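Please examine the sequence and the three-dimensional model shown below, and keep both in view while reading. The paragraphs that follow lead from the interior of the chain to its surface.

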Amino acid sequence: MNTSQLQNFIALAQTLNYSEVAKSAYITQPALTKQINKLESELGVRLFDRSKHGVALTYAGEEFYKFAVDILDGMLQAENRMSAISAGQTGFLKISSVYSMEMQ
């Protein structure tokens, strides 16, 4: 499973239109179909029901969609965090103080 597969799966789950997703991903429709078929094979489930009347998410597809969105979001957050760390925009600052009390 790779980022491209996840992105295209999410787009297809949202649009339910292979042609539209293939065009926006700058790939052919057969290449997109192959990518989705490979993802389904890797996961061991059918993600989409395909018929002459269109495409629909299966129950497994609906469940996987939630994870796919979270995975891509997590990857984006990790990339953003690492960029911030690399730029020195984040880190730890430890401050200590000594408290003293005078006794009378």
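Leaving aside neighbours within four places in sequence, Tyr-18 is in contact with Leu-12, Gln-29, Leu-32, Thr-33, Ile-36, Phe-48, Arg-50 and Val-55. The model in which these contacts are found is a predicted one. Tyr-18 also belongs to the largest nonpolar core, which has 18 residues. Within this core, the residues with the most contacts are Phe-9, Tyr-18, Ile-36, Phe-48 and Phe-64. Helices α1 (3-15), α2 (18-24), α3 and α4 each supply at least two residues of the core. The most is given by α1, with six residues.

Helix α1 may be considered next. It has 13 residues and reaches 18 Å from its first C-alpha to its last, close to the 18 Å expected at 1.5 Å a residue. Which residues of α1 are buried? They are Gln-5, Leu-6, Asn-8, Phe-9, Ile-10, Ala-11, Leu-12 and Ala-13. These buried residues pack against α2, α3, β1, β2 (54-57) and α4.

One of the buried residues of α1 is Gln-5. Its relative accessibility is 3%, and because a residue under 20% is classed as buried, Gln-5 is counted as such. Not counting residues up to four places away in sequence, Gln-5 touches Gln-35, Lys-38, Leu-39 and Glu-42. The contact with Gln-35 can be followed from the other side. Gln-35 lies in helix α3 and is likewise buried, with a relative accessible area of 17%. When residues up to four places away are again set aside, Gln-35 touches Ser-4, Gln-5 and Asn-8.

Two further contacts of Gln-5, Lys-38 and Glu-42, lead to the charged pairs. Side chains of opposite charge can pair when their charged atoms come close. The structure holds four salt bridges, and three of them are described here. Lys-38 forms a salt bridge with Glu-42, and the closest N and O atoms are 4.0 Å apart. Because the two residues are four places apart in helix α3, about one helical turn separates them. Glu-42 has a relative accessible area of 38% and is therefore partly exposed.

What separates the charged atoms in the pair of Arg-50 and Glu-40? Their side chains meet in a salt bridge, at 3.0 Å from N to O. This pair links distant parts of the chain, for Arg-50 is in strand β1 and Glu-40 is in helix α3, ten residues apart. Is each partner buried or partly exposed? Arg-50 counts as partly exposed, at 38% relative accessibility, whereas Glu-40 is buried, with a relative accessible area of 8%. Arg-50 has appeared before, as one of the residues in contact with Tyr-18.

The pair of Lys-66 and Glu-63 also forms a salt bridge, and here the closest N and O atoms are 3.1 Å apart. Both residues lie in helix α4, three residues apart, which is about one turn of the helix. Lys-66 is partly exposed, with a relative accessible area of 48%, and Glu-63 counts as partly exposed at 28%.

Helix α4 itself has 28 residues. From its first C-alpha to its last it reaches 41 Å, close to the 40 Å expected at 1.5 Å a residue. Its buried residues are Gly-61, Phe-64, Ala-68, Leu-72 and Ala-84, and they pack against α1, α3 and β2. Among them, Phe-64 has been named already as one of the residues with the most contacts inside the largest core. After α4 comes Gly-88, whose phi is positive, near 75°.

The last feature lies on the surface. Which residues make the nonpolar surface patch? Met-1, Leu-43, Val-45, Phe-67, Ile-71 and Met-75 form it, and its area is about 490 Å². Helix α4 (residues 59-86) provides the largest share of the patch, three residues. Val-45, another member of the patch, is found in the loop between α3 (29-43) and β1 (48-51). Its relative accessible area is 34%, so Val-45 is partly exposed. Helix α4 therefore has two roles in this description, because it supplies at least two residues of the core and the largest share of the nonpolar patch.

Methods: Residues numbered from 1 in each chain as written. Predicted model: local features only at pLDDT ≥ 70, side-chain atom pairs only at ≥ 80, totals over all residues. Heavy atoms only, no water. Patch = residues over 30% accessible without salt bridge, like charges linked within 9 Å, V, L, I, M, F, W, Y side chains within 5 Å. Areas by Shrake-Rupley, 256 points an atom, 1.4 Å probe, with all protein chains shown as cover. Buried < 20%, exposed > 50% of the residue type's maximum accessible area, 1.4 Å probe, protein only. Core = buried A, V, L, I, M, F, W, Y, C linked by side-chain atoms within 4.5 Å. Contact = heavy atoms within 4.5 Å. Expected span 1.5 Å × (residues − 1).
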